[in-house]
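User: Could you take a close look at one part of this structure for me? I would like to understand the aromatic residues and their surroundings.

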Amino acid sequence: MPGNNNSKSQVLVDMTEKKARYEKLVHVYHSELYRFAYWLCRDPNIAEDLVQETFLRAWRALDSLLDQKAAKPWLLTILRRENARRFERKQFDYSDVDNDTLVDDKHVTLDDEVEQTIVQRQIAKLPDEYKEPLLLQVVMGCSGEEIANILDLNKNTVMTRLFRARNQLKEALSRDDEQLKGASK
Amino acid sequence: MDDLEFRRRVIAQPHNEDQDIVDFAKQDPEHQKFIEQMQELDDSLNQALDIPVPKGLADRILTNTPEYNDDHSAPDNANLESEAVEDNVINAQSRFKLGGAPLAMAASLFVAIGAFFFTSNEHNVAYGAGEHALTHVYHEINSLEKSTEISLQTVNEKFAELGGKLDELPGKVTYLMFCDFKGQRGLHLVFESDYGPMTVFIVPSKAQSFGIGDSDFSDQRFAGHIDRGPDADTILVASLGAPVDQYTNRINSAIRWLH
């Protein structure tokens, strides 16, 4: 009964437990989700908004997450839905046409940096249907089954798309490599 | 398993440790080498995708979760809250709250810049093009504080999309971006010089984005020069007192157009 002391203290205990679960989720998954979101939208501000919205919704629906092990695909499903919602809202034009954020504070050598930029560009060029499974695999460390669940595809389709994604990258990067060698001659 | 299946599975999952893959790879050093090559590719993908995460993001997420910070959430509200989950109004409000401060700052910055140009009417500030260039520099003022070097190769990869190439630049490039200049896509870069960071805009001149106004312009902080070429307008913005013409000439003689 509401107002009853016992049920009130039980509610407080539940709330404390819920908060602890939530904190853990945020600390464990925010970095990976941010990176995934960033590569989906290629804008640091939108990526941060997406991650924030994802966790807001996760907090409100936390009781429906029964198995903590299922947290990653669950959060990814929320984030993908949020990203899709973004396109339903009004789209604004940003003044930076290509928002290429160059990776810094990693103390990479110049060659590495050039290579990274080339790789980033080639990944961005992939069609979404290939890019998303690849990001889920490489950034989020998802297995084939997990990717299949998140994207609502069968596992064979996921494997084919992963194969095509890497194959395209492999070819594009070796082309870039030849061009670089050609340019330096 | 045949060679084709092996390759397909390794490419799809380079870190695949299925027993049949491992056994197949053992039969032939070429297979083993192929796995290593694909894992190497994966390492470079990993590195390229491993962008830095904004500092304090986890704390911000927790702070911005209203109910998490509310110690008095009564159970009576539970139904109401769960209904609100699918309600975009809540969503829009939280978005507004997040975006409010930066938006206000950006707005006040624009007002300040606007006020500056309005009030300095009598102080020989070039209107049109110069104002446009300066506004852009102030708009991305953080671009002057970068220090990580961007190679000429990277600059040229971008510049090639506009049909140009730079043989050299007078200093280390620290900022590189495509920007929109009144609807015309141009290159925005910053390089280090003996006179502090200098900004260069290279904007294809078809749209005549920098068509009006004096070639030289300045305010209390920056001085600049616009060179209107047949292919593009080149705009240099430097700290007041820097030899702008000298640097403009150097840049212009380094630009090649690929027709």
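Analyst: Happy to help; here is a walk through the aromatic rings, followed by a look at the chain around them. Please keep in mind that this is a predicted model.

Let's begin with the rings. Counting over all chains, the structure holds eleven aromatic pairs. One of them joins A:Y22 and B:Y68, with 5.6 Å from centre to centre and 50 degrees between the planes, a tilted arrangement. This pair crosses between chains: A:Y22 belongs to helix α1 (residues 5–41) of chain A, while B:Y68 belongs to helix α5 (residues 66–69) of chain B. How buried are the two partners? A:Y22 has 0% relative accessibility, so this residue counts as buried. B:Y68 is buried too, at a relative accessible area of 11%, which falls under the 20% limit for that label.

A second pair sits within chain B. The ring centres of B:F6 and B:F24 are 5.0 Å apart and their planes meet at 40 degrees, so this pair is tilted. B:F6 comes from helix α1 (residues 3–12) of chain B and B:F24 from helix α2 (residues 19–26) of chain B, so the pair ties together parts 18 residues apart in sequence. Both B:F6 and B:F24 are buried.

Back at the chain-crossing pair, A:Y22 and B:Y68 have company: together with A:F55 and A:W59 they form one aromatic cluster. A charge joins the scene as well, since the charged end of A:K19 sits over the ring of B:Y68, 5.7 Å from its centre. In chain B, B:R7 lies over the face of B:F34, at 4.2 Å from the ring centre.

Now for the setting in chain A. This chain has seven helices and zero strands, and 47% of its 185 residues are buried. Among its contacts with a separation of 6 or more, 67% involve residues 24 or more positions apart. Chain A exposes about 9900 Å², with carbon and sulfur atoms supplying 49% of that area.

Helix α6 (residues 144–151) of chain A shows how burial can be arranged along a helix: A:G144, A:I147, A:A148, A:I150 and A:L151 are buried there. Viewed down the axis of α6(A), these buried residues fall within an arc of 165 degrees, so they line one face of the helix. Just after α6(A) comes A:D152, whose phi is positive, near 60 degrees.

Notes. Residues are numbered from 1 along each chain as its sequence is written. Chains are lettered from A and ligands numbered from 1 in the order in which they are written. This is a predicted model: local features need pLDDT of at least 70, side-chain atom pairs count only at pLDDT 80 or more; totals for chains, interfaces and linings use all residues. Side-chain values use heavy atoms; hydrogens and water are left out. Buried means under 20% relative accessible area, exposed over 50%, partly exposed in between (1.4 Å probe, protein chains only). Helices (H or I, at least four residues) and strands (E, at least two) are DSSP runs, numbered from the N terminus. The arc is that of the directions from the helix axis to the C-beta atoms. Contact means heavy atoms within 4.5 Å. Accessible areas come from the Shrake-Rupley method with a 1.4 Å probe; for residues, only the protein chains shown count as cover. Rings of Phe, Tyr and Trp (its six-membered ring) pair if their centres lie within 6.5 Å; planes under 30 degrees apart count as stacked, over 60 as edge-to-face and the rest as tilted. A charge sits over a ring if NZ of Lys or CZ of Arg is within 6 Å of the ring centre and within 35 degrees of the ring normal.
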